[in-house]
Amino acid sequence: MRLQGRRAVVTGGASGIGRATALRLVDEGAEVWIGDIDRDAGEEIAETSNGRIHFRHTDVTDEAAIAALLAAADAAGGLDIVFNNAGAGGARERIDEIAAADWDRTQSLLLRSVALGIRHAAPLMAKRGGGAIVNTSSVSALGSGYAPIAYSTAKAGVLHLTKLAAAELARHRIRVNAVVPGFITTNIFTRDLETSEEKRQMANQAIAGIAAKAQPVQRAGRPEDIAAAVAYLASDDAAFVTGTHILVDGGMTIGTRASWDESEPSLFTALDAFK
Ligand SMILES: NC(=O)c1ccc[n+]([C@@H]2O[C@H](COP(=O)([O-])OP(=O)(O)OC[C@H]3O[C@@H](n4cnc5c(N)ncnc54)[C@H](O)[C@@H]3O)[C@@H](O)[C@H]2O)c1
């Protein structure tokens with residue numbers, strides 16, 4: 001019960017990583033305000049939470065909506081924890097094809113939203129003597145090949161924003177950290193797919209199969225894996241941790257696939273043929 005009596009805001013809490021984190025924070029004693037555009041899923045979680053989770057319809061591209069969500073948690077006794085997590089895949093086009101409006105829309109959803117979440121949480125936390133902010137980045141912040149360029153650039157921005165905000169807000173005893181998920185099986189990959197529900201389910205199953213073999217730890221990444229890292233960063237166990245990130249990727253970014261997957265061709269297996 002590391003978070004007993006704390007009040008937390010979780011954006012994107014109606015599904016996937018946000019949902020698992022809201023449940024984990026409640027398990028550790030917190031009361032949680034979820035902000036999400038998915039009203040049905042958000043209300044359902046709130047209804048089954050014994051009053052520990054509250055849902056507020058919130059579009060994180062809307063500054064006033066973010067501020068109102070944070071104010072709701074603050075009004076209940078003070079804001080302690082914010083998890084800036086809402087997101088989606090964003091524009092998929094390559095850099096030589098993308099439209100400016102699609103670039104802007106993706107940055108607004110994935111980077112501007114996090115900046116504004118910090119912007120409006122900080123004064124509320126400062127007035128009560130501190131708090132903990134956690135932001136969702138991605139392994140796509142670290143290199144190419146994980147996600148489209150607009151998304152990946154925004155997620156890299158989240159890492160830098162995390163560091164600089166931690167420096168600026170340390171004077172208020174506010175810690176700012178990020179979590180960097182690898183391949184986590186959630187609805188994010190098929191949410192925007194224009195297809196039937198049946199095909200969406202088939203796609204989700206195919207993704208689960210790929211996810212299990214995508215990294216050295218040979219199982220699919222779960223939302224709960226990320227929730228555990230967020231709960232730590234939000235807690236006093238991380239009281240001396242700020243301006244950094246926790247990579248939770250099952251080893252996906254350790255190195256080349258050939259370094260951990262014996263079935264992957266490598267220079268060394270190629271040379272074996274000449275022995
Ligand atoms: N799943 C992965 O492999 C993975 C990897 C790295 C990072 N992430 C990041 O994790 C975060 C959560 O994603 P997830 O995988 O749980 O996906 P998800 O689709 O299961 O959940 C995302 C939630 O965000 C909400 N959302 C989308 N746009 C919103 C908006 N404008 N305002 C408010 N809520 C909005 C959705 O309704 C949904 O409930 C995202 O920031 C995502 O980029 C995911």
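This short talk walks through a predicted model of a protein with a ligand.

Let's start with the ligand. Where does it sit? The ligand sits in the largest pocket. Two elements each give two or more residues to the shell around it: helix 1, residues 16-27, and helix 5, residues 149-169. Keep those two helices in view.

How many residues surround the ligand? There are 29. The closest are Ser15, Asp36, Asn85, Tyr151 and Thr186. What is the chemical mix of that shell? Twelve of its residues are nonpolar, twelve are polar and five are charged.

Now some individual contacts. Take Gly16. One of its backbone N or O atoms lies 3.5 Å from an oxygen atom of the ligand. Next, Ile184. Here too a backbone N or O atom faces us, and it lies 2.8 Å from an oxygen atom of the ligand. Asp59 uses its side chain. A polar side-chain atom of Asp59 lies 2.9 Å from a nitrogen atom of the ligand. How much of the ligand does the protein cover? On its own, the ligand has 830 Å² of accessible area, and the protein covers 96% of that.

Next stop, the loop after helix 2. Helix 2 is residues 39-47, and strand 3 is residues 53-57. Two residues from the loop between them are worth a look.

The first on my list is Ser49, which is found in that loop. Is Ser49 buried or exposed? Its relative accessible area is 10%, so Ser49 counts as buried, the cut-off being under 20%. Its side chain has a partner. A polar atom of that side chain lies 2.8 Å from the backbone oxygen of Ala46.

Then Asn50. Asn50 lies in the loop between helix 2 and strand 3 as well. Its relative accessibility is 77%, so Asn50 counts as exposed, the cut-off being over 50%. So we have Ser49 buried and Asn50 exposed. Look at the backbone of Asn50 too. Its phi is near 55°, a positive value in a residue other than glycine.

Which other residue has a positive phi without being a glycine? Arg173, with a phi of about 60°. Arg173 is found in the loop between helix 5 and strand 6, and strand 6 covers residues 174-181. Arg173 counts as exposed, at 64% relative accessibility.

Back towards the start of the chain. Thr11 has its place in strand 1, residues 7-11. At 7% relative accessibility, Thr11 is buried. What lies by its side chain? The backbone nitrogen of Ala86 lies 2.9 Å from a polar atom of the Thr11 side chain.

Leu3 comes in the segment before strand 1. Its relative accessibility is 0%, and it counts as buried. Now recall Ile184 from the ligand contacts. Leu3 and Ile184 are 181 residues apart along the chain, and their C-alpha atoms are separated by 25 Å.

A few more pairs, to get a feel for distances. Asp62 is in the loop between strand 3 and helix 3, with helix 3 spanning residues 63-75. Asp62 is partly exposed, at 36% relative accessibility. How far is Asp62 from Ser108 in space? The answer is 9.2 Å, C-alpha to C-alpha, with their positions 46 residues apart in sequence.

Then Ile133. It lies in strand 5, residues 131-136. Ile133 is buried, with a relative accessible area of 1%. Its partner for this pair is Phe274, 141 residues away along the chain. The two C-alpha atoms are separated by 55 Å.

Last pair: Glu224 and Gly129. Glu224 lies in helix 7, residues 223-234. At a relative accessible area of 47%, Glu224 is partly exposed. Glu224 and Gly129 are 95 residues apart in sequence, and 30 Å apart in space, C-alpha to C-alpha.

To recap. The ligand sits in the largest pocket, and the protein covers 96% of its accessible area. Helix 1 and helix 5 both give two or more residues to the shell. Asn50 has a positive phi, and Arg173 has one as well. Thr11 is buried, at 7%. That's the tour.

Note on methods:
Residues numbered from 1 in each chain as written. Predicted model: local features only at pLDDT ≥ 70, side-chain atom pairs only at ≥ 80, totals over all residues. Heavy atoms only, no water. Helix = DSSP H or I, 4+ residues; strand = E, 2+ residues; numbered from the N terminus. Buried < 20%, exposed > 50% of the residue type's maximum accessible area, 1.4 Å probe, protein only. Polar contact = N/O pair within 3.5 Å; in protein donor to acceptor, adjacent residues only side chain to side chain. Near = heavy atom within 4 Å. Areas by Shrake-Rupley, 256 points an atom, 1.4 Å probe, with all protein chains shown as cover. 1 Å grid on protein atoms, 1.4 Å probe; cavity = no way out; pocket = protein on both sides within 12 Å on 5 of 7 lines; lining within 4 Å. Sits in = over half its atoms within 2 Å of the grid points. Nonpolar A, V, L, I, M, F, W, Y, C, P; charged D, E, K, R; others polar.
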